[in-house]
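Reader: I am in my first year and still learning to read structures, so could you take me carefully through a close look at a single part of this one? Please begin with one residue and what lies around it, and then widen the view step by step.

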Amino acid sequence: MNILCAGLNHRMAHIDVRERFAVRETEMGDMLGRLREIEGVTGAVMLSTCNRVELYASSLCPLRALEGFRLILADRAGLEAPLYHHDTPHAVRHLFRVASGLDSMVIGETEILGQVKKAYAAAAEAGAATRPLHKLFQHAFRVAKSVRTATQITSGPTSIGSVAVELAGKIFGSLVDRRVMILGAGEISERTARSLQSRGVRSVIVSNRTYERAAALAAEIGGMALHFDHWEKGFADIDILISSTNAPHMILTPEKLEPLLKLRRGAPLFVIDLAVPRDADPSINEMDGVFLYDIDSLEQIASQSLDVRRQEVDRCESLIEQHVGGFLSWMRSIHGPEATPFGKKA
Amino acid sequence: MERIALLLATICYLFSFGHTLFALGAGRFQPGRFNFIAMAMGALSQGWYLSMRGAAEHACPIGNLAEILIFLSWSIALIYLVIGPAYRLSLMGAFTAPMVLLLQIVALLLPGEIRHGFFRPNPWVETHAALSIVAYGAYGLACVAGFMFMVQEGQLKSRRPAPIFHHLPPISILSEAIKRLVWIGFLLLSLSFAAGFIARLMVSGGKFWFSLLIWFLYAGILVGSKQGLLSGRQLAIATSAAFLLALILLPVIEKLSAHA
């Protein structure tokens with residue numbers, strides 16, 4: 001018995017190509033049925049995400065299974081699929097890497113594990129998962145958990161929005177009921193505000209030199225518009241200030257903030273300065289309870305997280321290798337050492 | 001047997017501390033179950049020691065500085081075991097272990113034979129003494145949370161956070177934990193004073209004024225934080241400094257008690 005993995009991912013195919021081969025949740029049952037009809041395929045799990053379309057199959061003849069899969073995909077999409085393929089043990093290693101986020105576009109992302117679990121559950125429900133596949137996927141979930149806890153592969157945020165969310169979380173804990181003020185209705189402030197909203201921020205005040213623009217953005221994100229001349233009036237009640245005005249001078253200075261901070265009774269203030277040139281005087285970061293991050297420091301944290309993750313890859317790979325060995329021992333104990341690689345007759 | 005219980009507790013705390021250091025050195029910031037279990041075993045061993053001392057003396061086992069320090073470190077460990085997991089204050093164990101270990105080692109090095117006569121079996125006197133030390137335990141843990149706050153705030157201000165930043169709790173939660181612990185300590189200390197009054201406990205003037213100073217210090221911290229006069233950072237500094245002051249004063253108070 002062999003484990004076959006075949007598919008295409010974000011490294012091999014552009015999104016225009018990937019989207020043509022993607023399998024929707026509602027089509028998964030039919031797809032699994034067709035895959036099981038391929039000669040020599042005993043079981044199949046199909047993983048379809050925005051970054052990859054992959055088949056994991058238990059098969060007596062991987063070569064035939066691969067050709068069958070290629071035909072099904074070509075028939076679906078109307079074009080030849082640029083497939084990669086692996087058999088045992090590389091297929092096992094590949095799944096463990098995928099589930100652990102090592103094969104993802106943003107290395108160490110954790111969403112993929114949920115998607116792998118979902119794909120496995122769909123196959124199990126459709127009766128398409130055989131004993132080796134059950135064992136393989138259960139093992140993959142354990143590997144992913146172990147890689148996550150024993151290394152820093154998921155450490156830190158990797159985009160400006162997620163950095164802002166993490167920092168806000170480290171200042172305020174829960175973001176539910178926190179209030180945000182946006183000064184200057186730029187696209188990046190909007191994205192950052194949306195990231196914060198996705199974590200529970202309820203109240204957003206938008207203030208812009210052009211009131212109409214503020215009103216439009218406020219309507220779009222479910223916030224409230226405020227005339228730019230009055231932004232200081234809302235200052236006492238906010239927790240997070242996102243600033244990205246086109247002002248030629250600094251609008252947040254220690255002199256301006258000092259009387260406003262007194263109104264806050266010691267509550268912390270998170271200032272996200274996304275403007276270039278900057279809106280906030282860097283020295284406000286020295287003020288008690290004020291945490292200032294400009295675009296450079298946010299980007300630096302994102303890239304720092306990615307560096308940490310990249311440095312962890314070797315540790316993850318060696319952990320995965322131990323698990324591959326463990327899984328192969330189990331396979332040998334069940335099926336003997338006669339697993340057939342590609343190019344040889346079953 | 002008593003010595004064995006003490007050594008066992010020290011080894012447990014040493015394990016907890018060593019494991020934390022090793023985990024931090026290896027870039028792992030979730031001391032997790034091992035740390036918690038080691039702390040729990042340490043607290044159990046100390047509890048065993050204290051119960052043996054209590055049975056031997058037929059009184060609350062706080063008859064000398066060594067016993068007081070053990071009782072104090074036991075209180076700190078116990079409060080951590082209750083509130084640490086409840087508030088999801090990850091890494092608090094990592095910060096608590098060295099403090100508890102230090103108190104335990106100092107207690108081991110102190111001569112333990114000299115017992116003061118003022119703890120004659122009187123339930124109110126013992127309640128007074130035990131509550132005072134548990135109150136200091138709460139203040140001790142508030143000090144730990146204060147240190148954690150200062151580390152995390154420093155990370156946030158630096159704008160180049162180190163990996164530990166991702167594993168420390170948010171400063172607002174730490175600030176809230178400090179306030180609650182100071183409240184718990186303050187209430188326990190007040191109750192302990194009340195028990196002392198009921199027992200008509202006679203203490204030396206020095207001890208009385210030192211105790212009152214600590215009580216007013218923490219009362220001031222609570223009022224300041226309630227009125228919004230103290231920022232999170234000032235609260236963290238004040239609680240840490242107040243506990244360190246109390247720790248320094250503890251042997252002085254103890255000495256004064258011995259001469260009272």
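Author: Leaving aside residues up to four places away in sequence, B:Leu141 touches B:Ile76, B:Ile79, B:Tyr80, B:Ile83, B:Met92, B:Thr96 and B:Leu181. Please keep in mind from the outset that this is a predicted model, and that what follows describes the model as it was computed. B:Leu141 itself belongs to helix α5 of chain B, and because its relative accessibility is 0%, where buried means under 20%, B:Leu141 counts as buried. One further pair helps to place B:Leu141 in the chain, since B:Leu141 and B:Trp74 are 67 residues apart in sequence, while their C-alpha atoms are 11 Å apart in space.

If you follow helix α5 of chain B to the loop after it, which runs between α5 (123–158) and α6 (171–198), you come to B:Arg159. B:Arg159 has a positive phi of about 65° although it is not a glycine, and this deserves a pause because most residues other than glycine have a negative phi. With a relative accessible area of 18%, B:Arg159 is buried, as B:Leu141 is at 0%.

A third residue of chain B, B:Gly232, leads towards the other chain. B:Gly232 lies in helix α8 of chain B, which covers residues 232–259, and at 17% relative accessibility B:Gly232 also counts as buried. Not counting residues up to four places away in sequence, B:Gly232 touches B:Phe149 and B:Ser175 as well as A:Gly266, a residue of chain A. The C-alpha atoms of B:Gly232 and B:Ile178 are separated by 9.4 Å, although their positions lie 54 residues apart along the chain.

These residues sit in a chain that has eight helices and zero strands, so that, read from the N terminus on, the elements of chain B run α-α-α-α-α-α-α-α. Of the 260 residues of chain B, 53% count as buried. Among the contacts in chain B between residues at least 6 apart in sequence, 81% join residues at least 24 apart.

Chain A, to which B:Gly232 has already brought us through A:Gly266, can be read in the same careful way. The secondary structure of chain A comes to eleven helices and ten strands. The radius of gyration of chain A is 26 Å, well over the 20 Å that the globule rule gives for 346 residues, and therefore chain A is more spread out than a compact globule. Along its principal axes, the C-alpha trace of chain A spans about 80 × 40 × 30 Å. Chain A is divided into domain 1, residues 2–150, and domain 2, residues 160–300, and the C-alpha centres of these two domains lie 43 Å apart. Of the 346 residues of chain A, 54% count as buried, and among its contacts between residues at least 6 apart in sequence, 72% join residues at least 24 apart.

One pair of helices in chain A is worth examining in detail. The axes of helix α4 (residues 90–99) and helix α5 (residues 111–125) of chain A come within 8 Å and cross at roughly 125°, which makes α4(A) oblique to α5(A). On the side of α4(A) the contact is made by A:Leu95, A:Val98 and A:Ala99, and on the side of α5(A) by A:Ile112, A:Leu113 and A:Val116. The residues of this contact divide into six nonpolar, no polar and no charged.

Some details of the backbone of chain A complete the picture. The peptide bond from A:Thr88 to A:Pro89 is cis, with omega near 5°, and A:Pro89 has its place in the loop between β4 (84–87) and α4 of chain A. A cis peptide bond also joins A:Val276 and A:Pro277, with omega about 0°, and A:Pro277 is in the loop between β9 (269–273) and β10 (290–294) of chain A. These bonds are worth marking because most peptide bonds are trans.

Finally, A:Asp177 is found in the loop between α7 (160–172) and β5 (179–183) of chain A, and its phi is near 70°, a positive value in a residue other than glycine. At 55% relative accessibility A:Asp177 counts as exposed, whereas B:Arg159, with its positive phi of about 65°, is buried at 18%.

Technical notes:
Residues are numbered from 1 along each chain as its sequence is written. Chains are lettered from A and ligands numbered from 1 in the order in which they are written. This is a predicted model: local features need pLDDT of at least 70, side-chain atom pairs count only at pLDDT 80 or more; totals for chains, interfaces and linings use all residues. Side-chain values use heavy atoms; hydrogens and water are left out. Axes are lines fitted to C-alpha atoms, for helices over the stretch in contact, and angles run from 0 to 180 degrees between N-to-C directions. Helices (H or I, at least four residues) and strands (E, at least two) are DSSP runs, numbered from the N terminus. Angles under 35 degrees count as roughly parallel, over 145 as roughly antiparallel, 65 to 115 as roughly perpendicular and the rest as oblique. Contact means heavy atoms within 4.5 Å. Ala, Val, Leu, Ile, Met, Phe, Trp, Tyr, Cys and Pro count as nonpolar, Asp, Glu, Lys and Arg as charged, and the others, Gly among them, as polar. Domain bounds come from an automatic or database domain assignment. The radius of gyration is taken over C-alpha atoms; the globule rule is 2.2 Å times the number of residues to the power 0.38. Buried means under 20% relative accessible area, exposed over 50%, partly exposed in between (1.4 Å probe, protein chains only).
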